[in-house]
Amino acid sequence: MDRQRTVKISKYLAKHLRHEPERIGIVLDAQGWVGVEDLLTAAAGHGFSFSRAELEVVVATNDKRRYILDEDSDRIRASQGHSVTVDLELPATAPPEQLFHGTIDRFLAAIRTEGLRPMNRHAVHLSPDRETAERVGARRGRPVVLPVEAGAMHRDGHTFRVSENGVWLVDAVPPQYLRDDR
Ligand code: HQG
């Protein structure tokens, strides 16, 4: 399968497994899962056909491992990034001392004042390393990386979870935990 096709299927999955399942008439369960057969049928019924084999290639080769199949490959879900309500049931996990958030200059004034907020998603997304955060920021423009004092936040009672694909999730980051190392 060529890269263009893989990316197209991946974007289609992001749209419908994270944001707008109702657009193609699928229903995610409380943990965000949907049956693979239901998804394939619904997609085909709404003008975009792909096979189970193609889906499995996308899941296995996706650069950020955005999707995961259950043990029997019966169901699929997005590992993070939802705007629809789901409970991923990820266990609370102690984070490393420092995590990173990638953003752009234009948002900095608001972020310094009110901290990081989840905006349209469920959680604030933090990266385990600077390079990943840079890539996240670079989706919008020249990236700015903010180190986050995750260890201190955790000791102060904030709950961290880590998604199946290694993205750290937290409800919010108050401004006092944001470093500026530029
Ligand atoms: C910014 C992608 C103003 C925040 C990525 C970000 C990630 C504020 C934007 C994942 C703010 C939200 C998530 C505040 C935060 N005032 N702006 N108080 N607090 N922001 O897309 O972290 O490819 O919801 O800096 O790689 O950019 O989709 O979050 O710029 O892992 O799998 O508001 O999405 O993954 O944007 O990205 P997003 P994000 P995928």
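Student: What makes a residue count as part of the group that surrounds the ligand?

Tutor: One of its heavy atoms has to lie within 4 Å of the ligand. In this predicted model, 18 residues surround the ligand, and the closest are Arg18, Lys64, Arg66, His101 and Thr103.

Student: What makes the pair between the ligand and the side chain of Lys64 a polar contact?

Tutor: Set the distance against the cut-off. A polar contact is a pair of N or O atoms within 3.5 Å. An oxygen atom of the ligand is 2.3 Å from an N or O atom in the Lys64 side chain, so the pair qualifies. Try the test on His101, where the value is 2.7 Å, and on Arg139, where it is 2.9 Å. Around all this, the protein covers 89% of the 780 Å² of accessible area that the ligand has on its own.

Student: Where is Arg139, and which backbone oxygen lies 3.2 Å from a polar atom of its side chain?

Tutor: Arg139 is in the loop between α5 (130-138) and β6 (143-148). The backbone oxygen is that of Val136, and 3.2 Å is again within the 3.5 Å limit.

Student: How do you know that the ligand sits in a pocket?

Tutor: The test is that more than half of its atoms lie within 2 Å of the pocket's grid points. The ligand sits in the largest pocket, so it passes that test.

Student: Why do you say the ligand lies between domain 1 and domain 2?

Tutor: Because domain 1 (3-78) and domain 2 (99-177) both give residues to the shell around the ligand. The C-alpha centres of these domains lie 27 Å apart.

Student: Which helix gives the most to the shell?

Tutor: That's α4, with three residues. Both β4 (99-104) and α4 (108-114) supply at least two residues each.

Student: How many residues of the shell are charged, and what makes a residue charged in this count?

Tutor: Asp, Glu, Lys and Arg count as charged. By that rule the shell has eight charged residues, along with six nonpolar and four polar.

Conventions:
Residues numbered from 1 in each chain as written. Predicted model: local features only at pLDDT ≥ 70, side-chain atom pairs only at ≥ 80, totals over all residues. Heavy atoms only, no water. Domains from an automatic or database assignment. Polar contact = N/O pair within 3.5 Å; in protein donor to acceptor, adjacent residues only side chain to side chain. Areas by Shrake-Rupley, 256 points an atom, 1.4 Å probe, with all protein chains shown as cover. 1 Å grid on protein atoms, 1.4 Å probe; cavity = no way out; pocket = protein on both sides within 12 Å on 5 of 7 lines; lining within 4 Å. Helix = DSSP H or I, 4+ residues; strand = E, 2+ residues; numbered from the N terminus.
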